[in-house]
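These are my notebook entries on one protein model. I wrote down what I looked up, in the order in which I looked it up.

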Amino acid sequence: MHAWPASEVPALPGKGRDLRIHDTATGGRVTLAPGPVARIYVCGITPYDATHMGHAATYNAFDLVQRVWLDTKRQVHYVQNVTDVDDPLLERAIRDGIDWVGLAERETALFREDMTALRMLPPQHYIGAVEAIPGIVPLVERLRDSGAAYELEGDVYFSVDADPHFGQVSNYTTELMRHLSAERGGDPDRPGKKNPLDPMLWMAAREGEPSWDGASLGPGRPGWHIECVAIALDHLGMGFDVQGGGSDLIFPHHEMGASHAQTLTGEFPMAKAYVHAGMVGLDGEKMSKSRGNLVFVSKLRRDGVDPAAIRLALLSHRYRDDWEWTDQVLQDAVERLGRWRAAVSRPDGPSADALVEELRDALSDDLDTPTALAAVDRWATLQEAEGGADDSAPGLVSRAVDALLGVAL
Ligand code: 5CA
Ligand code: ZN
């Protein structure tokens with residue numbers, strides 16, 4: 001699949017700091033010091049209703065991770081999937097009486113447009129579940145042949161007990177795992193499973209549903225977690241730096257994915273850090289496709305909202321926090337954008353060298369964007385009140401805000 005066009009990232013004077021980021025698995029901060037190439041996998045959308053502010057906030061967090069790495073002069077190897085066949089997508093297509101392929105294509109196209117407008121850096125590999133199927137089938141066969149997977153009425157399940165490290169991404173209790181499994185696409189109550197938590201790797205073809213050749217598995221379609229694992233292992237290999245997504249993916253998705261990968265390779269861990277963004281809500285509820293309480297990036301764009309203001313609204317919250325989208329959040333961002341643009345449009349201003357370092361300090365500190373925005377606010381206030389004689393300052397601020405925050409002034 002093709003991704004979307006990259007916006008240029010200006011180079012800044014000096015060098016950025018190594019990123020310290022919260023890792024869900026260890027529950028603490030880790031300093032990611034990858035080699036010259038940093039490797040990141042971020043779970044992509046299930047394309048039936050894209051792109052709401054929750055999605056945008058999550059992708060914004062992982063865009064910042066990459067911008068911090070780029071500022072340390074590292075290269076970034078970024079992989080993202082598109083879950084272009086799965087239960088919720090098929091259910092939506094049936095509900096609306098439309099073709100599931102067309103629905104996925106339309107929503108993925110819209111997502112690309114939104115990502116481009118928001119200046120999110122594109123992955124080098126943007127891979128659909130459907131195109132990954134030929135790589136998924138042999139992995140499921142290997143798990144089954146090694147005894148880590150078993151068949152149940154034609155479907156194939158992964159045995160979570162095959163991985164001694166199972167549970168070490170979420171660190172959730174069995175009770176909570178069971179509850180979340182039922183809520184998030186699992187089937188803990190299906191009779192015949194070895195462990196109620198075991199997730200499906202391969203679903204045998206169902207009447208009226210799309211299916212693919214599964215070699216010795218028989219016709220069917222892949223489970224959700226093995227999709228991301230197959231794509232990540234194919235393009236990044238084991239031990240990559242960051243596995244990213246929203247906090248609703250901690251369990252079962254990232255827990256199961258790590259177990260699949262670790263059992264397949266015998267290596268641990270799959271990722272050096274499991275990084276999760278908080279949930280964005282509206283009116284006291286998580287913003288989600290199934291609840292239908294959505295604010296779409298594309299709708300705001302159509303209403304004439306500057307994408308840079310949308311991005312500033314996302315940046316005004318700490319990525320790990322849960323927060324609520326309100327009209328006020330957007331209005332504050334629109335005003336801030338106006339202030340910043342006025343401040344950089346003058347021919348000179350107060351020196352911005354310290355500001356660049358403040359931005360670097362804040363972002364490398366677990367992506368502390370509120371502190372980063374406050375630093376730019378202070379420079380803009382000084383510019384407004386006193387001005388300054390440094391004729392390189394406005395340009396430097398523009399470049400720093402673009403390079404590190406992805407906001408074009
Ligand atoms: N296709 C799978 C991942 S492989 C999936 O979860 N798709 S999704 O479209 O439901 O979500 C895409 C990304 O947005 C995920 O990282 C998810 O955690 C995140 N996300 C979904 N809803 C919200 C929300 N309300 N707030 C923040 N992030 C969210
Ligand atoms: Zn995923």
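**Entry 1: a loop residue and its backbone**

Is Lys73 buried, partly exposed or exposed? I must keep in mind that this is a predicted model. I looked up the relative accessibility of Lys73 and found 47%, so Lys73 counts as partly exposed, a class that runs from 20% to 50%. I placed Lys73 in the loop between α1 and β4 (75-82), and I noted that its phi is positive, about 70°, although Lys73 is not a glycine. I wrote this down because most residues other than glycine have a negative phi.

I then looked at Ala215, which also has a positive phi, near 50°, and which I found in the loop between β8 and β9.

**Entry 2: the zinc ion**

Which protein atoms are the donors of the zinc ion (ligand 2)? I found Cys43 (SG), Cys228 (SG) and His253 (NE2), lying 2.1 to 2.2 Å from the ion. Along the chain, the donors follow the spacing C-x184-C-x24-H. Cys43 and Cys228 link distant parts of the chain, since they are 185 residues apart: Cys43 is in the loop between β3 (37-42) and α1 (53-71), while Cys228 is in helix α6 (residues 224-235).

Why is the arrangement around the zinc ion (ligand 2) called tetrahedral? The 4 donor atoms subtend angles of 102 to 120°, and four donors count as tetrahedral if all angles lie between 85 and 135 degrees, so the arrangement fits that description. For comparison I noted that the ideal angle for four tetrahedral donors is 109.5 degrees.

I also checked how accessible the two cysteines are. Cys43 has 5% relative accessibility and therefore counts as buried, and Cys228 is buried as well, with a relative accessible area of 4%.

**Entry 3: a sheet and the helix across it**

Next I traced an open sheet of 4 strands, whose order is β6-β7-β8-β9 and whose pairing is antiparallel. The edge strands, each of which pairs on one side only, are β6 (149-152) and β9 (220-222). From one strand to the next, the twist averages 20°.

How many bridges join strand β7 (residues 155-158) to strand β8 (residues 200-204)? I counted 2 bridges between these antiparallel strands, and I saw that Tyr157 stands opposite Met200 in β8. Helix α4 (residues 129-145) lies across β6, β7, β8 and β9, and runs at about 110° to β8.

**Entry 4: a tryptophan in the loop between β8 and β9**

I stayed with the loop between β8 and β9, where Trp212 lies. Trp212 is partly exposed, with a relative accessible area of 21%. Leaving aside neighbours within four places in sequence, I listed the contacts of Trp212, among them Val85, Trp100, Val130, Ile133 and Trp202. I also looked up how far Trp212 is from Ile21: their C-alpha atoms are separated by 40 Å, and the two residues are 191 residues apart along the chain.

**Entry 5: the nonpolar cores**

Which residues have the most contacts inside the largest nonpolar core? I found Ile21, Ile40, Met53, Trp69, Trp325 and Leu405, in a core of 81 residues. The largest share of this core, 10 residues, comes from α1. I followed Ile40 further and found that, not counting residues up to four places away in sequence, it touches residues including Phe62, Val65, Trp69, Tyr78 and Leu236. There is also a second, separate core of 43 residues, which includes Phe158, Val229, Met238 and Phe251. I set beside this the rule that, in soluble globular proteins, nonpolar side chains tend to be buried together.

**Entry 6: two cis peptide bonds and an aspartate**

Phe251 came up again, as a cis peptide bond joins Phe251 and Pro252, with omega about 5°. Pro252 is found in helix α7 (residues 250-265). Another cis peptide bond joins Phe268 and Pro269, with omega about -10°, and Pro269 is in the loop between α7 and β11 (271-277). I marked both because most peptide bonds are trans.

Last I looked up Asp377, whose place is in helix α12 (residues 369-385). Asp377 has a relative accessible area of 14% and is therefore buried. Not counting residues up to four places away in sequence, Asp377 touches Arg336, Arg339 and Trp340.

Note on methods: Residues are numbered from 1 along each chain as its sequence is written. Chains are lettered from A and ligands numbered from 1 in the order in which they are written. This is a predicted model: local features need pLDDT of at least 70, side-chain atom pairs count only at pLDDT 80 or more; totals for chains, interfaces and linings use all residues. Side-chain values use heavy atoms; hydrogens and water are left out. Donors are N, O and S atoms within 2.8 Å of the metal (3.2 Å for Na, K and Ca); water is not among the atoms, so sites may look incomplete. Four donors count as tetrahedral if all angles lie between 85 and 135 degrees; four count as square planar and six as octahedral if opposite donors are over 155 degrees apart and all others between 65 and 115; anything else is irregular. Buried means under 20% relative accessible area, exposed over 50%, partly exposed in between (1.4 Å probe, protein chains only). Two strands pair if DSSP finds at least two bridges between them. Axes are lines fitted to C-alpha atoms, for helices over the stretch in contact, and angles run from 0 to 180 degrees between N-to-C directions. Contact means heavy atoms within 4.5 Å. A nonpolar core is a set of buried Ala, Val, Leu, Ile, Met, Phe, Trp, Tyr and Cys residues joined through side-chain atoms within 4.5 Å.
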